[in-house]
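Please open the structure in your viewer and keep the selection panel at hand. The tour goes from the whole chain to a single residue.

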Amino acid sequence: MRTQVAIIGAGPAGLLLGQLLHRRGIDNIILERQTADYVLGRIRAGVIEQGTIDLLDEAGVGTRMHDEGLVHEGVLICIDGVRHRIPLKELTGKTLMVYGQTEITKDLMDGRAAAAAPTVYSAHDVAVHDISGNAPRVTYRADGKSHEIVCDYIAGCDGFHGISRKSVPAGAITTYERVYPLGWLGILSDTPPVTDESMYVRHPRGFALCSMRSPTRSRYYVQCSLAEDIDAWPDERFWEEFKPRLDEESRERLIIGPSIEKSIAPLRSFVAEPMRFGRLFLAGDAAHIVPPTGAKGLNLAASDVWYLSRAFIEHYAEHSDAALDHYSARALARVWKAERFSWWITTLLHAISENPFDLKIQLAELDHLFQSKAAAMAFAENYVGLPY
Ligand code: FAD
Ligand code: DHB
């Protein structure tokens, strides 16, 4: 087989890139290790920035998002039982959209099916070859047979555990990492959300987050230890741990129901540099991970795709490689600012350190955030998403 861009991974990064390229007449094939149903079963991100919304519109898959997504003009931060609101729209003119990653993925899959663009699900043993030459190849197994794709470029959109980044010789890549000693235990429940806007909660028992997917579907998280066993968390235990962390108004409004999904996500900061190796380009979680506290992971995957799609379009339409050559530096400049923000808000809101000095600094920083318009503005411009 031959294509212009071989894309590895059918998560949001791979599907979005595929759709944007297809609409510009650039041939691409997506290879995904899992089945489509498995990909759709993963409950992850829920909050998307304006830049991501614009890209989904450009990809022609934004209709349902605009119909069903919830527009949020502010975000709540609850400190030891007292609520504060950061008025995002008032401060920045921008809003956020609450619309699940599962729905985005479904819309992108439907868009790709309608365009009859090829995706190979259950592609096993995907491997990249000759990335430093002019004719890179991707090999894989599917339906019991071996296959090979010859292409111009490879886009590694295969997430943190994918093979793209791992295919690069160790000496060519530098990685930066911080692993936090905690995870998020999340549940999805068909009960009305406890707040109208997302609420980040700092409490002596640990962090919690009140989020949502719709007016009738809640997504809640509590900070947990990394060693936690999900089977040791029946729903009752989750609610017992979650409820006391809330403010009084939320506790009164909380409606408890059975979970329809429950999972634990570890918290990690990670960046691989550069994001290009010859004809292999990394995008999304394949190149970087943020702890989920700032809601930046999916949005960073989208901004990488913005830079990369423009670079491929410029290459094929204008025969210029300037944007391809600048891709890594441009993407990383935005990635590092989101890494900084995600690290900062994670350390600000979680019970991490036992040192009383660190605790006092957390409280002083939060007090400054609520008292100072400049501090609130700095928070807001990062939270709604920095410009591309
Ligand atoms: P992925 O979604 O990981 O997709 C990679 C794909 O590649 C997968 O489908 C995988 O199966 C496939 N793959 C892997 N290996 C191979 C292989 N060898 N061959 C072929 N295919 C392969 N982000 C936000 O912006 N906002 C939020 O509110 C938010 N909340 C989150 C909450 C939680 C609990 C978690 C865990 C994450 C959250 N994120 C959030 C982060 C966000 O979900 C990720 O950043 C996003 O999924 C990255 O997309 P991606 O396409 O780069 O990678
Ligand atoms: C979700 C919401 C957030 O604000 C966040 O930081 C992480 C995840 C969610 O709805 O899943």
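The stops below begin with the overall fold and end at one position on a helix.

This is a predicted model, in which local features need pLDDT of at least 70 and side-chain atom pairs count only at pLDDT 80 or more, while totals for chains, interfaces and linings use all residues. Residues are numbered from 1 along each chain as its sequence is written, chains are lettered from A and ligands numbered from 1 in the order in which they are written, and side-chain values use heavy atoms, with hydrogens and water left out.

Select the whole chain and show it as a cartoon: its secondary structure comes to twelve helices and 20 strands, where helices (H or I, at least four residues) and strands (E, at least two) are DSSP runs numbered from the N terminus. The radius of gyration of the chain, 21 Å, is close to the 21 Å that the globule rule gives for 388 residues, so the chain is as compact as a globular protein of that length; this radius is taken over C-alpha atoms, and the rule is 2.2 Å times the number of residues to the power 0.38. Along the principal axes, the C-alpha atoms fill a box of roughly 60 × 40 × 40 Å.

Next, colour the chain by accessibility: 54% of the 388 residues count as buried, meaning under 20% relative accessible area, whereas exposed means over 50% and partly exposed lies in between (1.4 Å probe, protein chains only).

Now select Thr63, which lies in helix H4 (residues 63-68). Is Thr63 buried or exposed? Thr63 is exposed, with a relative accessible area of 59%. Finally, add His84 to the selection: Thr63 and His84 are 21 residues apart in sequence and 33 Å apart in space, C-alpha to C-alpha.
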